[in-house]
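Dear colleague,

Please find below the structure that I am handing over to you. My findings follow it, arranged by topic.

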Amino acid sequence: MSVPTVTLCAALTKALPRQHGAWATLAAFYLLGVVAAWPPSGASLLVAALVLALFVAHGGITRVLSLRTNDPWRTPLVRTSLLLSALAVCLAAALWLTAPSTGLVALGMLGLALTSIAFALERRGLDRTFVGELVGIVGLSVTLPLVAYVGHGSFDVARAALWASAVMFFVGSILRVRYHVRARRAGPLTRGGRLRLMTPSLAFHLAALLVTAMAAEQDVLSFVMMVAWLPPLVGATYAVLVTRQPLGIRRVGLEEVILTVLFVAVSGIAVTRSS
């Protein structure tokens, strides 16, 4: 029995991560990094290519780990992932030559450490747990300070606060999605039952709003950033008080995309007003 030939293009397509949420999260962190380093520079495009190569290589290796040893896709996916990793190394070298600094090295080491932890969790089937998703989000979030650093030449307290706010938003996304998954499994719930399931998400978002207000009081963030937390809070309150039937996964995904777009837009306005 002949083994079918797998082209590089087909293997690259197979390696693309299927998680739409991960793509949206990566795009959001990149856009926020561009905003934090405004105006955009050529170095930010290098970062985009670097992050994209690593993201797809990670997807290819993850796919390889799920295949049988004799699967015909295994070797092409390994080769594609290695090729993308080599490309990422070249892009990282070009980035270093463009703006050599210890800050870039520190961010690169942080990204590699988080990627290694993510792989370890995936091997153990823990990537879908809260810890696994949290590690994935923090790993993708390194894109923001990396873009901001190469574009602005420094990474101050205000940009670090924006980074922390973005990470908190996507941690909140984990809690929001988990609420809908649990509500769907539980079936129709009373208002009290919905409130019990939503309590971790409501508490987290209220705490994030309070932290943002304290940061704004210290002139670390703009008060406009507080507006970014209102849509998730309103959505969570509406889900508890009004929504009786569990939402479908597509509806939940659409809501998360809308909330992400609103967060990025409000954050962009806040950064522009404070700069």
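V105 is located in helix α5. In this model, which is predicted, V105 has a relative accessible area of 44% and is therefore partly exposed, as the range for that class runs from 20% to 50%. V105 belongs to a nonpolar surface patch of about 560 Å², whose other members are W96, L97, M109 and L112. Two helices, α4 (74-98) and α5 (102-123), each provide at least two residues of the patch. Which helix gives the most to the nonpolar patch? It is α5, with three residues.

I turn next to the aromatic side chains. Six aromatic pairs were found in a search of the whole structure. In one of them, F29 and F170, the ring centres are 5.1 Å apart and the planes meet at 50°, so the pair is classed as tilted. This pair links distant parts of the chain, since F29 belongs to helix α2 (residues 20-36) and F170 to helix α8 (residues 157-186), 141 residues apart. Both F29 and F170 are buried.

A further pair is formed by F169 and W229. Their ring centres lie 6.3 Å apart with the planes at 55°, so this pair is tilted too. F169 is in helix α8, whereas W229 is in the loop between α9 (191-217) and α10 (230-241); the pair therefore ties together parts that are 60 residues apart in sequence. F169 and W229 are both buried. Through ring pairs, F29, F169, F170, W229 and F263 are linked into a cluster.

Charged side chains also lie over aromatic rings. R176 is placed over the face of F169, 5.0 Å from the ring centre. K14 lies over the face of W73, likewise at 5.0 Å from the ring centre.

How many salt bridges does the structure hold? There are four, and three of them are described here, beginning with the one between R178 and E133. In that bridge, the closest N and O atoms are 3.7 Å apart, which is inside the 4 Å cut-off for a salt bridge. It links distant parts of the chain: R178 lies in helix α8 and E133 in helix α6 (residues 130-141), with their positions 45 residues apart in the numbering. R178 is partly exposed, with a relative accessible area of 21%. E133 is partly exposed as well, at 26%.

R159 and D156 form another salt bridge, in which the closest N and O atoms are 2.7 Å apart. Is R159 buried or exposed? R159 is buried, because its relative accessible area of 15% falls under the 20% limit. Its partner D156 has a relative accessible area of 34% and is partly exposed.

A salt bridge also joins the side chains of R251 and E255, with an N to O distance of 3.2 Å. Because R251 and E255 are four residues apart in helix α11 (residues 249-274), about one helical turn separates them. R251 is partly exposed, with a relative accessible area of 45%, and E255 is partly exposed at 26%.

Two further positions may be of interest to you. The first topic is a glycine, G136, which is found in helix α6. G136 is partly exposed, with a relative accessible area of 30%. Between the C-alpha atoms of G136 and R178 there is a separation of 16 Å, the two residues being 42 residues apart along the chain.

The other position is D219, in the loop between α9 and α10. What is notable in the backbone of D219 is a phi near 65°, a positive value in a residue other than glycine. Because its relative accessible area of 70% is over the 50% limit, D219 counts as exposed.

Taken by helix, α8 recurs in these findings: it contains F170 of the pair with F29, F169 of the pair with W229, and R178 of the salt bridge with E133. The loop between α9 and α10 likewise appears under two topics, holding W229 and D219.

With kind regards

Technical notes
Residues are numbered from 1 along each chain as its sequence is written. This is a predicted model: local features need pLDDT of at least 70, side-chain atom pairs count only at pLDDT 80 or more; totals for chains, interfaces and linings use all residues. Side-chain values use heavy atoms; hydrogens and water are left out. Patches are made of residues with over 30% relative accessible area and no salt bridge: like charges are joined within 9 Å, nonpolar side chains (Val, Leu, Ile, Met, Phe, Trp, Tyr) within 5 Å. Accessible areas come from the Shrake-Rupley method with a 1.4 Å probe; for residues, only the protein chains shown count as cover. Buried means under 20% relative accessible area, exposed over 50%, partly exposed in between (1.4 Å probe, protein chains only). Rings of Phe, Tyr and Trp (its six-membered ring) pair if their centres lie within 6.5 Å; planes under 30 degrees apart count as stacked, over 60 as edge-to-face and the rest as tilted. A charge sits over a ring if NZ of Lys or CZ of Arg is within 6 Å of the ring centre and within 35 degrees of the ring normal.
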